[in-house]
Amino acid sequence: MKIDLLDICYAGVFAAGLLLTIVFTAAAKKLAVRLDIMDRPKNEMHKGHKKATPLVGGYAMFMGFSVALAAGLCVLCLVPGVFEKLPA
């Protein structure tokens, strides 16, 4: 298996997206606690948690995914010879 520049770039994009998602999720949790954007179950049987839970984690994951997607598109445009390697 041959590893070329494009593989390394996409591995970097994946790692950056993963790291940003972790950072965004931690920041969103702190923001949710500060702004009181929490789900507090009141003995409701359908809720799977007992303590207050932040409600903005999905936004953080979406932001991490979006940044990684944008970085991947930049890699496609900036790395020379990428379009010739794409399958038809």
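Here are legends for a few close-up views of this predicted model.

**View 1. Helix 2 from end to end.** Start with the stretch covering residues 57-78, which is helix 2. Does its length fit, and what should its span be? With 22 residues at 1.5 Å a residue, helix 2 should span 32 Å, and its end C-alpha atoms are indeed 32 Å apart, so the two values agree.

**View 2. The two sides of helix 2.** Look for the buried residues in helix 2: they are Ala-60, Gly-64, Ala-68, Gly-72, Val-75 and Leu-76. They cover an arc of only 155° around the axis, and that puts them on the same side of helix 2. Here's a handy rule: an α-helix has 3.6 residues a turn, so residues three or four places apart point the same way. Now swing your attention to the other side of helix 2, where Tyr-59, Phe-62, Cys-77 and Leu-78 are exposed.

**View 3. A nonpolar patch on the surface.** Which residues make the nonpolar surface patch? Phe-62, Met-63, Phe-65, Leu-69 and Leu-73 do, and the patch comes to about 520 Å². You have already met Phe-62, which lies in helix 2. Phe-62 counts as exposed because its relative accessibility is 51%, and the cut-off for exposed is over 50%.

**View 4. The salt bridge.** There is one salt bridge in the structure, so take a good look. Its partners are Arg-40 and Asp-36, whose closest N and O atoms are 2.7 Å apart. Are these partners buried, exposed or something in between? Arg-40 has a relative accessible area of 43%, which makes it partly exposed. Asp-36 is partly exposed too, with a relative accessible area of 47%.

**View 5. Asp-36 and its backbone.** Stay with Asp-36 for a moment, but turn to its backbone. Asp-36 is not a glycine, yet it has a positive phi of about 60°. Where does Asp-36 sit? You'll find it in the loop between helix 1 (5-35) and strand 1.

**View 6. Asp-39 and its contacts.** Strand 1 is made of residues 38-39, and Asp-39 is found there. Is Asp-39 buried or exposed? Its relative accessibility is 17%, so Asp-39 counts as buried, the cut-off being under 20%. So who is around it? Leaving aside neighbours within four places in sequence, Asp-39 is in contact with Lys-47, His-49, Lys-51, Ala-52, Thr-53 and Leu-55.

Methods. Residues numbered from 1 in each chain as written. Predicted model: local features only at pLDDT ≥ 70, side-chain atom pairs only at ≥ 80, totals over all residues. Heavy atoms only, no water. Patch = residues over 30% accessible without salt bridge, like charges linked within 9 Å, V, L, I, M, F, W, Y side chains within 5 Å. Areas by Shrake-Rupley, 256 points an atom, 1.4 Å probe, with all protein chains shown as cover. Salt bridge = Lys/Arg side-chain N within 4 Å of Asp/Glu carboxyl O. Helix = DSSP H or I, 4+ residues; strand = E, 2+ residues; numbered from the N terminus. Buried < 20%, exposed > 50% of the residue type's maximum accessible area, 1.4 Å probe, protein only. Contact = heavy atoms within 4.5 Å. Expected span 1.5 Å × (residues − 1). Arc of directions from axis to C-beta.
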